[in-house]
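The report below goes through selected side-chain features, taken in turn. Please keep the coordinates open while reading.

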Amino acid sequence: MSGDSDERLPAQYSQEVKKLDTEDVPVDEDQAFIDECEKDPGYRNRVLRKMDFRTLPLLALAYFLSYLDRSNAGNAKAVGIQKDLGISDPQWNWAISIFYFGYVAFDLPFNIILRRWKPSKLMAILMVLWGIVSTAMAASKNFASFASMRFLSGVFEAGLFPGVVYYLSLFYQRREQGRRIGAFWSIASVSGAVGGTIASAITASPATSLKEWQVLFIVEGVPNFFVAAAIWFLLPDSPEAATFFTDEERRYVITRLKLDAGAAHDHSFSWPQIFSVMTDYKTYIYAIIYITGTSSLQGVTYFLPSIITGLNPSYSNYVVQALTVPAYTLAFFATVGTAFSSDRLGERSLHMICVNLVGMTGFLLLMYGSGFGATYTGALLATASVYANVSIKVAWFNNNYGGLTRRAAAAGVIVSIGTIGGAIGGQIYFDKWNNYFGGHTIAISCIAAQTALVILLRFVFVNVNKRRSLMDEAEKNAVVEKYGGVELAGDRMPDFRYTL
């Protein structure tokens, strides 16, 4: 569609703009209100701290317990579950991977429910359900019962991570999400350190009538019920429903989100909006970026104790579990630091590339290093990298989908497809006899492929942003019409700029 610069908007677009504008205060007045509030230099930070205090601790606790439950199979293996249940090595790998079949299948449905219902209620219910399953793993008798519990854990935990990614976008601007996702996700690395510590403590404790792995599942499963109750009663469902805001603060939060979203500001819901995510090219590029990262991440998470054992087979279970703690501690600081830097600079892709270069160095040391010092350093670098990678890529795709419904659907689709990497990660460390050289080769190849895709997508976004800045009004109108109007266009709106 081309023509004169005075070409009018299509009738459908004009009606939609009118509908949205009548619900909102004019942009100039919005900005004036924000400026008035921020004449107090500490106003913005006080409001952000208030939101942080009321949302992040509960979300972090929930994900801490979720990831503790998800990754405790590696610690359970170190304290004897595989031998006690008579599970072969191939069966064990499938028991690890089957978690992700349930996870992948239910990511998107739960995110759609979250978009339409109260986040606090859905998250609390799911948490109770996976807490029951996690605790019940202590009663596993064989491969079938253990694998079934792993599958159900995947189903119920599917609603948390993509749900939180979407939920944070209800409260924070795009340049504020990275460090919050980083703080939330860094708890995953803390859960790895705590899981190793708990397993070490159980190993060192006096014997009981229960097996060590049974105690592990019970100790890590029961706290879910208490945190679920706290989320049900305390987690705010949206800025509009948050009772801890004054009226002015509530308007401030809602207005600044509107201004940040710009042309893509849209709170409507329709099934075509969800389907529009399925036809968006970047959905699948982001999904492959997610798959490659998750394959390496979950491979390291599940097999880190085994990898460390391979460095010195004479180490006791206690020593092996203790040696996982520094790796996860470093991962925590790497995740928080990288996320903070990414938000501060308003940049995602270059941070991912730098983090991936560190990870590839770590895997090369694991593959070719000689002596304990070099190879253990490789394990530290690889673990820190694959964890720090996550919060940046999640913030990146969350920043680049406009409209609440498109963003919620994108989080569900990308995490759903990308989590297939978790099933792959459970299979890649197959060559124990070769100190997992083959597993490390697959992991480093995944990171290299991810890096190439990040560079490609950055190049595409740079060119799209440049092209949009040169559009005249007629060309902008044509783009909106092409995508079916304002509500379906979302981040495809010509005035939207992609975060690099």
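## Aromatic pairs

How many aromatic pairs does the count come to? In this predicted model, the count comes to 36 aromatic pairs. One of them is formed by Phe 146 and Phe 217, whose ring centres are 6.3 Å apart and whose planes meet at 40°, so the pair is classed as tilted. This pair links distant parts of the chain, since Phe 146 belongs to helix α7 (residues 143-157) and Phe 217 to helix α10 (residues 212-221), with their positions 71 residues apart in sequence. Phe 146 has a relative accessibility of 0% and therefore counts as buried, and Phe 217, at 0%, is likewise counted as buried.

A second example is the pair of Trp 185 and Tyr 387, for which the centres lie 5.6 Å apart and the planes are at 25°, so these rings are stacked. Here too the pair links distant parts of the chain: Trp 185 lies in helix α9 (residues 174-204) and Tyr 387 in helix α17 (residues 372-399), 202 residues apart. Trp 185 is buried, because its relative accessible area of 2% falls under the 20% cut-off; Tyr 387, with a relative accessible area of 0%, is buried as well.

## A ring cluster and two charges over rings

Ring pairs also join Tyr 286, Tyr 290, Trp 396, Phe 397, Tyr 401, Phe 461, Phe 496 and Tyr 498 into a cluster. One member of this cluster, Tyr 401, has the charged end of Lys 282 over its ring, at 4.6 Å from the ring centre. Elsewhere, Lys 121 lies over the face of Trp 232, at a distance of 5.1 Å from the centre of that ring.

## The largest nonpolar core

Which residues touch the most other members of the largest nonpolar core? Among the 141 residues of that core, they are Phe 161, Phe 363 and Phe 397. Helix α3 (residues 43-78) supplies the largest share of the core, with 16 residues. When residues up to four places away in sequence are not counted, Phe 161 touches Tyr 63, Tyr 103, Phe 184, Trp 185, Tyr 290, Val 390, Val 394 and Val 415. Two of these contacts return to features described above, as Trp 185 is the partner of Tyr 387 in the stacked pair and Tyr 290 is part of the ring cluster.

## Helix α18

Helix α18 (residues 404-418) has 15 residues, which at 1.5 Å a residue should span 21 Å, and its end C-alpha atoms are indeed 21 Å apart, in agreement with the expected span. Of its 15 residues 14 are buried, so α18 is largely enclosed by the rest of the structure.

## Two buried helix residues

Is Arg 256 buried or exposed? Arg 256, found in helix α12 (residues 247-261), is buried, with a relative accessible area of 4%. Its side chain is joined to that of Glu 176 by a polar contact of 2.4 Å, and Arg 256 touches, besides Glu 176, the residues Ile 34, Arg 44, Leu 48, Phe 171 and Gln 173, leaving aside residues up to four places away in sequence.

Ala 228, placed in helix α11 (residues 223-234), is also buried, at a relative accessible area of 2%. With residues up to four places away in sequence left out, Ala 228 touches Ala 124, Met 127 and Val 128. The C-alpha atoms of Ala 228 and Ser 314 are separated by 41 Å, while the two residues are 86 residues apart along the chain.

Methods. Residues are numbered from 1 along each chain as its sequence is written. This is a predicted model: local features need pLDDT of at least 70, side-chain atom pairs count only at pLDDT 80 or more; totals for chains, interfaces and linings use all residues. Side-chain values use heavy atoms; hydrogens and water are left out. Helices (H or I, at least four residues) and strands (E, at least two) are DSSP runs, numbered from the N terminus. Buried means under 20% relative accessible area, exposed over 50%, partly exposed in between (1.4 Å probe, protein chains only). A polar contact is a pair of N or O atoms within 3.5 Å; within protein, one must be able to donate a hydrogen and the other to accept it, and residues adjacent in sequence count only if both atoms are side-chain atoms. Contact means heavy atoms within 4.5 Å. A nonpolar core is a set of buried Ala, Val, Leu, Ile, Met, Phe, Trp, Tyr and Cys residues joined through side-chain atoms within 4.5 Å. The expected span of a helix is 1.5 Å times one less than its number of residues. Rings of Phe, Tyr and Trp (its six-membered ring) pair if their centres lie within 6.5 Å; planes under 30 degrees apart count as stacked, over 60 as edge-to-face and the rest as tilted. A charge sits over a ring if NZ of Lys or CZ of Arg is within 6 Å of the ring centre and within 35 degrees of the ring normal.
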